[in-house]
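Please work through the exercises below with the sequence and the model open side by side. Each task is followed by a solution that goes step by step.

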Amino acid sequence: MRKKILEVCVFSLDAALKAERSGADRLELCSNPMEGGTTPHPALVKAACRKCNIPVYPIIRPRGGGFCYSEDEFEMMKEDILFCKDAGCKGIATGVLLPDNRVDVIRMKQLVELAHPMGVTFIRAFDLTPDPFEALEDVIEAGCERILTSGQKDKATDAPELIEQLVKKAANRISIMPGSGVRADNIRQIMDATDANEIHSSARVFLPNDSKMADELGFGQAVSCDENQIQKMRKEIN
């Protein structure tokens, strides 16, 4: 029986260390949680690789919004991938779409080849594609090792049927990893319903600010992860 893999999305070094201690098998490392995650700062990437003993997969996404990128943005993505390789990352997470939201196979192949020997996760850009089964074949053709998806719904719990169909259609050619809205009280249900072997959660919590002025001036709140949630998720899928 294959081990169930728990990937945790983190936005800081502190959260990365907490997630590892709590039972995460892999980290998706991001910045800008309010934009759905963008490429993390180089110093954060280096620190996470140095201090964590589990695979670190930085997201390669130069901005928020859609996933159709200009030539300049695409060049930035390639530079970030080379940096991640030099920093010792085990993989990256990214996704590039065409203007009609189909998978940009040509560009994805370029990124996968550039990333080698790192692995590549195709992120939830997948959930914008008009035909998920065509997109599945395109991502496989591009050479990615897994797809992160909520089943083209807001939460993975809203689309177990589609995710299960994708798992079956993938037929072990690529891993299908449900994500979005995954918590300790539903992780077992999602994995059982979809037959997935990997699952993704941020177990996100917002840390209170030390100063009221930070709130009043709109500086936002730091994002971390809930160690208790991760520990419970780990137990649920063991």
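**Exercise 1: charges over rings**

Arg 107 lies over the face of Phe 74, at 4.4 Å from the ring centre. The model is a predicted one, in which local features need pLDDT of at least 70 and side-chain atom pairs count only at pLDDT 80 or more, while totals for chains, interfaces and linings use all residues. Residues are numbered from 1 along each chain as its sequence is written, and side-chain values use heavy atoms, with hydrogens and water left out.

Task: find over which ring the charged end of Arg 26 sits, and state how many aromatic pairs the structure holds.

Solution. Begin with the criterion: a charge sits over a ring if NZ of Lys or CZ of Arg is within 6 Å of the ring centre and within 35 degrees of the ring normal. The charged end of Arg 26 is placed over the ring of Tyr 57, 5.5 Å from the centre of that ring. Then turn to ring–ring pairs, for which the centres of Phe, Tyr or Trp rings (for Trp, the six-membered ring) must lie within 6.5 Å, with planes under 30 degrees apart called stacked, over 60 edge-to-face and the rest tilted. The number of aromatic pairs in the structure is zero.

**Exercise 2: two charged residues, Glu 7 and Lys 90**

Task: decide for Glu 7 and for Lys 90 whether each is buried or exposed, and list the contacts of each.

Solution. Locate Glu 7 in strand β1, which covers residues 5–10; helices (H or I, at least four residues) and strands (E, at least two) are DSSP runs numbered from the N terminus. Glu 7 counts as buried because its relative accessibility is 1%, where buried means under 20% relative accessible area, exposed over 50%, and partly exposed in between (1.4 Å probe, protein chains only). Contact means heavy atoms within 4.5 Å, and, with residues up to four places away in sequence not counted, Glu 7 touches Arg 26, Leu 27, Glu 28, Met 177, Ile 199, His 200 and Ser 201.

Next, place Lys 90 in the loop between α3 and β4 (91–94). Lys 90 counts as exposed because its relative accessibility is 55%. Under that sequence exclusion, Lys 90 touches Pro 55, Val 56, Tyr 57, Met 118 and Gly 119. As a check on Gly 119, which is 29 residues from Lys 90 along the chain, the C-alpha atoms of the two are separated by 6.5 Å.

**Exercise 3: the buried side of helix α2**

Task: identify the buried residues of helix α2 and the elements against which they pack.

Solution. Scanning residues 42–51, which form α2, gives Leu 44, Val 45, Ala 47, Ala 48 and Cys 49 as buried. These buried residues pack against the helices α1 (13–22) and α3 and the strands β2 (26–29) and β3.

**Exercise 4: two pockets**

Task: give the volume and the lining of the largest pocket and of the second largest pocket.

Solution. Rolling a probe the size of a water molecule over the atoms shows where empty space is left. On a 1 Å grid over the protein atoms alone, a pocket is an open set of points with protein on both sides within 12 Å along at least five of seven lines, a 1.4 Å probe being used, and lining residues have an atom within 4 Å of a point. Grid points are joined across faces, edges and corners, and a volume is the space filled by probe spheres set on the points.

The largest pocket holds about 600 Å³ of space. Its lining has 27 residues, of which Gly 36, Arg 124, Ser 180, His 200 and Arg 204 are the closest to its centre. By class, 12 of the lining residues are nonpolar, seven polar and eight charged, with Ala, Val, Leu, Ile, Met, Phe, Trp, Tyr, Cys and Pro taken as nonpolar, Asp, Glu, Lys and Arg as charged, and the others, Gly among them, as polar.

The second largest pocket holds about 230 Å³. It is lined by 13 residues, with Arg 2, Val 167, Asn 172, Ile 174 and Asn 197 nearest its centre, and α6 (160–170) and β7 (175–178) each supply at least two of the lining residues. Its lining divides into six nonpolar, three polar and four charged residues.
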